[in-house]
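Hi there,

Here is the structure I said I would pass on. Have a look at it first, and then read my notes below.

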Amino acid sequence: MISFLISLVALVLGYMIYGTFVDRVFGPDPKRPTPAISKADGVDYIAMPSWKVYMIQFLNIAGTGPIFGAIMGAKFGPSSYLWIVLGCIFAGAVHDYMCGMLSVRHGGVGFPELVGQYLGQRTKKVMLVFSIILLLLVGTVFVYSPALILGDIAGDGSRGSIMLWVVIIFLYYIIATLLPIDKLIGKVYPLFAVALLFMAAALMVCLLMKWPSLPEFWDGLGGWSEKAGLKGQPIFPCLFITIACGAISGFHATQSPLMARCIQNEKMGRPVFYGSMITEGVVALIWAAVSSWFFFDGGAAAVGADTSAAAPAVVTKVSQNWLGILGGILAILGVVAAPITSGDTAFRSARLIIADFLHMEQKQIGKRLVVAIPLFVGSALLLWYNIADANGFNTIWRYFGWSNQSLAAFMLWTATVYLVKRNPGRPGAARPYYLITLLPALFMTAVCVAFILIDKTGFRLPQTLAPWIGIGTFVVSTVLFYWWKFTHAPNSCKTEVPHTE
């Protein structure tokens with residue numbers, strides 16, 4: 001528990017200290033009109049109160065990632081705490097902040113448009129396809145995973161019960177994707193965010209009251225995965241793919257522009273974008289601690305389960321056992337609401353990304369349908385495969401995990417190029433503020449390359465090569481970056497939308 005509490009304090013201090021530093025590096029301008037003001041259209045560009053924007057952003061990015069990912073990642077022992085804390089402060093929150101604020105500065109454009117501005121039009125086209133595929137995977141996964149939980153609660157967990165919930169959730173996604181953002185999302189999301197935060201707070205209180213004997217940092221970082229039944233999954237790179245949303249997630253790069261279209265003042269960037277990620281890190285940390293008790297301190301037997309239980313079963317068993325009937329319902333509601341509210345904004349983000357690429361305004365419902373219908377058809381086909389194939393969900397989730405972190409790496413490289421171009425100075429003379437995004441970009445690139453080369457969904461190279469692949473990728477990426485910086489980086493950046501009084 002001591003390691004858990006240290007990690008919790010570190011997240012709060014990270015927001016107060018490093019979050020402030022990142023905000024100063026970017027330099028928000030409170031007098032600069034935001035897209036919510038300058039491009040208001042009553043559908044996607046709508047100015048909303050800052051507290052509501054924060055709640056929606058938090059729920060958009062949360063999903064099942066900080067819960068299911070933390071549960072699975074807890075099997076790696078206390079190293080999961082370290083990744084959540086360090087990843088969240090120095091990578092994930094920086095990633096979300098830079099994506100959100102760059103979108104604000106560029107008129108609310110989506111992730112592929114930002115990539116095109118700084119990494120080139122060819123990379124933009126690749127990221128366009130990559131983003132749409134990722135969002136379809138997210139939408140599909142976040143239909144099926146909450147349907148499994150709801151089917152287990154409301155029915156007998158049979159195929160018919162699950163299918164009923166799949167249809168209900170999918171119909172909701174269609175409605176939420178097409179309606180103006182303030183009509184449904186703006187009204188319902190804050191309530192669901194409260195449910196998710198209540199769940200985390202209630203479990204935190206239970207942890208403090210029970211004070212379980214959890215693995216500590218000084219007990220060692222290695223060997224825990226074998227005790228929890230994980231075989232063939234080394235900490236590097238598997239931990240950094242498993243725990244995504246609680247530390248860093250490329251999915252957030254598709255979500256932050258949604259709130260970049262609703263934020264009223266640039267000074268709210270730190271609490272909305274950086275702060276939401278820190279909040280998500282807190283949720284992930286709490287579930288990692290709860291799961292450590294479940295896997296390593298007899299928790300599984302105490303709640304009538306075993307250590308091989310899947311993440312949804314861990315959520316259900318622990319919530320009902322610790323919080324009773326009412327608390328369990330509210331806690332499970334939070335877990336169910338999180339993926340559903342990320343799924344609908346995944347489709348909404350995909351619609352807007354395609355509309356940006358086609359230069360098609362979305363004020364009229366007919367034009368929204370033209371873009372949205374192919375997305376729903378594609379998701380329905382993926383969903384059919386997901387249900388028809390017994391291993392469909394696991395297969396989609398594995399590809400989602402790697403794609404998700406690869407997207408995060410591209411966003412960090414985009415932000416790095418922005419910082420270099422904005423203040424290049426003379427070679428070696430300018431302050432290297434770009435390091436705040438370069439270092440996590442290098443690390444995540446190494447993680448993604450190593451994972452796809454050793455994982456069974458990739459090239460299946462020997463796992464013993466993973467550290468060497470990671471180091472080699474880090475070194476090569478560093479050399480290529482500095483070669484570009486000193487030979488090709490322009491003297492100024494003129495790609496931001498100009499500020500007009």
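One term before we start: a residue is called buried when its relative accessible area is under 20%, exposed when that value is over 50%, and partly exposed in between. Also keep in mind that this is a predicted model.

**The overall picture**

The protein has 19 helices and 0 strands. Of its 501 residues, 59% count as buried. The accessible surface comes to about 19400 Å², and 68% of that belongs to carbon and sulfur atoms. If you take the contacts between residues at least 6 apart in sequence, 84% of them join residues at least 24 apart.

How sure is the predictor? The average pLDDT is 86, and 90% of the residues score at least 70. Two stretches deserve some caution. Residues 388–392 have a pLDDT below 50, and beyond near neighbours in sequence that stretch has 2 contacts in the model. Residues 425–429 are also below 50, with 3 such contacts.

**Helix H1**

Let's begin with H1, which covers residues 2–26. Its buried residues are Ser 3, Phe 4, Ser 7, Leu 8, Leu 11, Gly 14, Tyr 18, Gly 19, Val 22, Asp 23, Val 25 and Phe 26. You can check the length of this helix yourself: at 1.5 Å a residue, its 25 residues should span 36 Å, and the end C-alpha atoms are 35 Å apart, which agrees. H1 does have a kink of about 35 degrees, centred on Gly 14, and Gly 14 is one of the buried residues listed above. Right after the helix comes Gly 27, with a positive phi near 80 degrees.

**Helix H6**

H6 runs over residues 111–119, and 7 of its 9 residues are buried, so this helix is largely enclosed by the rest of the structure. The buried ones are Phe 111, Pro 112, Glu 113, Leu 114, Val 115, Gly 116 and Tyr 118. Just after H6 you will find Gly 120, which takes a positive phi of about 105 degrees.

**Three buried residues and what they touch**

For the contacts in this part, residues up to four places away in sequence are left out.

- Ile 248 sits in the loop between helix H11 (235–242) and helix H12 (251–260). Its relative accessibility is 0%, so it counts as buried. It is in contact with Trp 83, Ala 91, Gly 92, His 95, Met 277, Gln 405, Ala 408, Leu 412 and Met 444. Ile 248 and Ile 84 are 164 residues apart in sequence, but their C-alpha atoms are 8.5 Å apart in space.
- Ser 379 is in helix H16 (residues 365–388). This serine is buried too, with a relative accessible area of 0%, and it touches Leu 136, Thr 140, Phe 170 and Phe 347.
- Ser 403 is in helix H17 (residues 392–422). At 10% relative accessibility it is under the 20% cut-off, so it counts as buried. Ser 403 touches Phe 130 and Leu 134.

**Some backbone details**

Which two residues does a cis peptide bond join? They are Phe 236 and Pro 237, and omega there is about 5 degrees. Pro 237 lies in helix H11.

Two residues have a positive phi without being glycine. Trp 211 has a phi near 45 degrees and lies in the loop between helix H9 (185–210) and helix H10 (224–227). Is Trp 211 buried or exposed? Neither: its relative accessible area is 43%, so it is partly exposed. Arg 460 has a phi of about 55 degrees and is found in the loop between helix H18 (435–454) and helix H19 (466–487). With 59% relative accessibility, Arg 460 is over the 50% cut-off, so it counts as exposed.

**Cysteines**

The count of disulfides comes to 0, taking a disulfide as a pair of cysteine sulfur atoms within 2.5 Å. Cys 238 has 6% relative accessibility and counts as buried. Cys 448 is also at 6% and counts as buried.

If you want a place to start, turn the model until you can see H1 and look for the kink centred on Gly 14. Then follow Ile 248 to its contacts, Trp 83 and Met 444 among them.

Cheers

Key. Residues are numbered from 1 along each chain as its sequence is written. This is a predicted model: local features need pLDDT of at least 70, side-chain atom pairs count only at pLDDT 80 or more; totals for chains, interfaces and linings use all residues. Side-chain values use heavy atoms; hydrogens and water are left out. Helices (H or I, at least four residues) and strands (E, at least two) are DSSP runs, numbered from the N terminus. The expected span of a helix is 1.5 Å times one less than its number of residues. The bend at a residue is the angle between axes fitted to the seven residues ending there and the seven starting there. Buried means under 20% relative accessible area, exposed over 50%, partly exposed in between (1.4 Å probe, protein chains only). pLDDT is the predictor's confidence in each residue, from 0 to 100. Contact means heavy atoms within 4.5 Å. Accessible areas come from the Shrake-Rupley method with a 1.4 Å probe; for residues, only the protein chains shown count as cover.
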